[in-house]
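Hi everyone, thanks for making time. I'd like to walk you through one model today, so let me put it on the screen.

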There are 2 protein chains.
Amino acid sequence: MNELNTTVWTPDTIAQDLERAIHEHRLTPGSKLGEDEIGEIYATSRTSVRAALQALSHKRLVELKRNRGAFVAQPSVKEAREVFEARSLLEPRTARSAATRMSDEDLARLQSHIDAEHTALHAGDNGRALYLSGEFHNEIARIADQVTIAAFVAELVSRSSLIIALYWQRRAAICESTAHHMLMKAFAEGDGDAAEDLMKSHLLDLLTSLDLKNKTSAPGSLAEALKR
Amino acid sequence: MNELNTTVWTPDTIAQDLERAIHEHRLTPGSKLGEDEIGEIYATSRTSVRAALQALSHKRLVELKRNRGAFVAQPSVKEAREVFEARSLLEPRTARSAATRMSDEDLARLQSHIDAEHTALHAGDNGRALYLSGEFHNEIARIADQVTIAAFVAELVSRSSLIIALYWQRRAAICESTAHHMLMKAFAEGDGDAAEDLMKSHLLDLLTSLDLKNKTSAPGSLAEALKR
DNA sequence: GACGCCAAAATCGTATACAATCTTGAAGAC
DNA sequence: GTCTTCAAGATTGTATACGATTTTGGCGTC
């Protein structure tokens, strides 16, 4: 139940709302997503809820177990490595391309993402900061004008959020690292080489900052997570 | 209605069957996929059919137009370029990785794909040959043991099949080019450098062999396409 | 004859109903 | 006391029903 103005809940908007909740860690890996329960929350039928859950399962954010229901996905260690492997193939080259096509408006929009992330972080809203940090990456793929790659990156970013929920060790600083600022500098200068290198090492940093041994998690209440 | 042994049609198997039909060009871009019509063909309810169509739309093989129905996707020229751009980021590096991990069984399985493709081609079954040619690419990603990347590649390969249906100019030789054979040699020798280079140029060849100006297509009958 | 309008038919979107499967918990045997 | 069994409850899978939107075809007007 985001959005103050009463949203009309269709399968698509329900999926978006759930995805946001997962991305912001209001829904944690392993949480059961009962169809009746969600249907009641959004005041809609199981039909629409099922469509939304199916969409999320295709993005690997939700795992559907036959006859047992839907659960927020719990990426394995192997999957975690694979996600960052895929990102390291896609994002650096895309960042290079973005750097050479970047307009002033694009730069401004990226900067506003960083600012909003900074604000959220200081307001103690780690979930939202993490979401905005992901949007920074998505925006770059969009600026590169690669719709197809952008869709893949968006999926990988969302899955990364699950991975962070499970394996992150330093609780405090999310992507507040200077990486995004340094990328901004490269973008402002239209320096494709630098952008590619910075993105590459940024992703490597992210991966190495994970503790791929210990899992942490604790599923809470659904209604609680989706309430605003 | 593939599979001689009577398959039990669930949303998943229906989606697989439709995907195969699209991949083999029995269903051409733009074909209308009416829910009632498909439901009748598979002797199931619209509920299951809708789930299958949704799955395919998430893979961009089917386009869902609200209140108007499902159609086999018709990738634009821009989308065609994007698909091969994405493939060129993912597959060469994956081929390199596969080359270094390749076992004898893997090699044999790849060879059997090539053989089957050759057979299909000489039997005049271009659709099946194209499908098997795609499976060659998918198999490489699987051998690299990259499930996540393999899923992306599989999607891109399927979409490539649509692109080929729309923009291919030389009707005869599909992927019968020597590219796959040369890749096999690199794999057999465990030569990662060669595998990466060969894959890169193979994908470039594919892209440049497209005629990204003229579209060709002609939707036929549904029941015809799915009959076997 | 061409265009526009309106009603009927067809098709999709959503809700509900029923069937199949799984989970839960209590009763009984050892 | 622990384990097994089985039945009741809960949850998902599929089918059907109904409402909303679009398409189609005919009629009338210009």
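Before we look at the DNA, one definition: I call a residue near a molecule or strand if its C-beta atom, placed from the backbone, lies within 6 Å of it. And please keep in mind that this is a predicted model.

With that cut-off, how many residues surround DNA strand C? There are 16, and the closest are A:Ser45, A:Thr47, A:Asn67, B:Glu35 and B:Gly69. Two elements give two or more residues to this surface: H3 of chain A and helix H2 of chain B, residues 35-41. H3(A) gives the most, with 3 residues. By class, the surface near DNA strand C has 9 polar, 6 charged and 1 nonpolar residues.

Let's stay with H3 for a moment. In chain A this helix covers residues 46-58 and lies across S1, S2 and S3, at about 115° to S2(A). Those 3 strands make an open, antiparallel sheet in the order S1-S3-S2. At the edges, each pairing on one side only, are S1 (32-33) and S2 (62-65). S2(A) is joined to S3, residues 69-72, by 4 bridges in the antiparallel sense, and there you can find A:Leu64 opposite A:Ala70.

Now for the two chains together. A turn of 180° with a shift of 0.0 Å along the axis lays chain A on chain B, with an RMSD of 0.0 Å. So what we have is the relation of a two-fold axis. Both copies use the same surface, as 100% of the contact residues of chain A recur in chain B. Which residue of chain A comes closest to the rotation axis? That is A:Leu89, with its C-alpha at 3.1 Å.

Note on methods:
Residues are numbered from 1 along each chain as its sequence is written. Chains are lettered from A and ligands numbered from 1 in the order in which they are written. This is a predicted model: local features need pLDDT of at least 70, side-chain atom pairs count only at pLDDT 80 or more; totals for chains, interfaces and linings use all residues. Two strands pair if DSSP finds at least two bridges between them. Two residues are in contact if their C-beta atoms, placed from the backbone, lie within 7 Å. Axes are lines fitted to C-alpha atoms, for helices over the stretch in contact, and angles run from 0 to 180 degrees between N-to-C directions. Ala, Val, Leu, Ile, Met, Phe, Trp, Tyr, Cys and Pro count as nonpolar, Asp, Glu, Lys and Arg as charged, and the others, Gly among them, as polar. Copies are superposed by least squares on the C-alpha atoms of residues with pLDDT of at least 70 in both.
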